[in-house]
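Student: Please pick one part of this model and take me through it closely. I would like to know how it sits among its surroundings, and then how the neighbouring parts are arranged.

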Amino acid sequence: MTRVVIPDPVTAEKLCRIEQAAFDGRETPWSIDDYINIGGPPEAAILTDDEIALGLLVMQFAADEGEVLNLGVVPEARRTGVGSDLLQDGINLAQALSISRLFLEVASDNAPARALYRRFSFAEVGVRPRYYLRPDGSRVDAVVMSVEL
């Protein structure tokens, strides 16, 4: 079960912990203020599981387009449907807000995430070369994907 949250400092701290566990240093983490300042529908949405412990989905909307800014699931909850539930509920919310297309970027070496997005009919539409900076200094391409709703 997922829900939309508008973070206060306590909720934002929980979201930061999810993100840290989900990305394990592969991404530059959001701060508590980043989560608090993203806002809520109709401009943005943060979805999470009921306990705010297993996963998160952050989306932003403008006009009739939306972007998935962040989708992460903690390691112990992977392959349990948490990511699929979050993404489906995010798509449902976007449709309720009359969003016609969603975009996202995913690291080219993140095969599980790319497979998840393809199951939801996201198609690859571009590449941002050397977009993600890894902790070891290496860079990885971002694959741009989109789906028409």
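Tutor: The part to look at is helix α3, whose buried residues are V82, G83, L86, L87, G90, I91, L93 and A94. Seen down the axis of α3, these residues fall within an arc of 165°, so they line one face of the helix. Keep in mind that the model is predicted.

Start with the length of the helix. At 1.5 Å a residue, the 15 residues of α3 should span 21 Å, and the C-alpha atoms at its two ends are 21 Å apart, which agrees. What, then, covers the buried residues of α3? The cover includes the strands β1, β2, β3, β4 and β5, and the helix α4. Just past the end of α3 comes S98, which has a positive phi, near 65°. That sign is worth noting, because most residues other than glycine have a negative phi.

Since α4 is part of the cover over α3, take α4 next. The buried residues of α4 are A113, R114, L116 and Y117. They cover an arc of only 160° around the axis, which puts them on the same side of α4. On the other side of this helix, A111 and R119 are exposed. The buried residues of α4 pack against β4, α3 (82–96), β5 (101–107), β6 and β7 (139–148). The contact with α3 therefore appears from both sides of the account: α4 is in the cover of α3, and α3 is in the list for α4.

Now look at the two ends of α4. At the N-terminal end, N110 caps the helix, with a side-chain oxygen 3.2 Å from the backbone nitrogen of A113. Just after α4, S121 takes a positive phi of about 70°. S121 is found in the loop between α4 (111–119) and β6 (123–133). Its relative accessible area is 53%; exposed means over 50%, so S121 counts as exposed.

Go back to α3 and follow one of its buried residues, G90, to a distant point. The C-alpha atoms of E13 and G90 are 77 residues apart along the chain and are separated by 21 Å. E13 lies in helix α1. At 40% relative accessibility, E13 counts as partly exposed.

That leads to α1 itself. At 1.5 Å a residue, the 15 residues of α1 (residues 9–23) should span 21 Å, and its end C-alpha atoms are 21 Å apart, which agrees. The buried residues of α1 are T11, A12, L15, C16, I18, E19, A22 and F23. Seen down the axis of α1, they fall within an arc of 160°, so they line one face of the helix. The face turned away from this buried side carries the exposed residues P9, V10 and Q20.

What do the buried residues of α1 pack against? They pack against β1 (2–5), α2 (32–37), β2 (44–49), β3 (55–62) and β4 (65–73). The strands β1, β2, β3 and β4 are named among the cover of α3 as well.

The ends of α1 can be read in the way used for α4. At the start of α1, a side-chain oxygen of D8 reaches to within 3.0 Å of the backbone nitrogen of V10. Just after the helix, D24 takes a positive phi of about 40°.

Two loops next to β2 complete the picture. In the loop between α2 and β2 is P42. A cis peptide bond joins P41 and P42, with omega about 5°. In general, most peptide bonds are trans. In the loop between β2 and β3 lies I52. I52 is not a glycine, yet it has a positive phi of about 50°. Is I52 buried or exposed? At 7% relative accessibility, I52 counts as buried.

To return to the part you asked about: α3 has its buried residues on one face, and the cover of those residues includes five strands, β1, β2, β3, β4 and β5, as well as α4.

Note on methods:
Residues are numbered from 1 along each chain as its sequence is written. This is a predicted model: local features need pLDDT of at least 70, side-chain atom pairs count only at pLDDT 80 or more; totals for chains, interfaces and linings use all residues. Side-chain values use heavy atoms; hydrogens and water are left out. Helices (H or I, at least four residues) and strands (E, at least two) are DSSP runs, numbered from the N terminus. The expected span of a helix is 1.5 Å times one less than its number of residues. Buried means under 20% relative accessible area, exposed over 50%, partly exposed in between (1.4 Å probe, protein chains only). The arc is that of the directions from the helix axis to the C-beta atoms. Contact means heavy atoms within 4.5 Å. A polar contact is a pair of N or O atoms within 3.5 Å; within protein, one must be able to donate a hydrogen and the other to accept it, and residues adjacent in sequence count only if both atoms are side-chain atoms.
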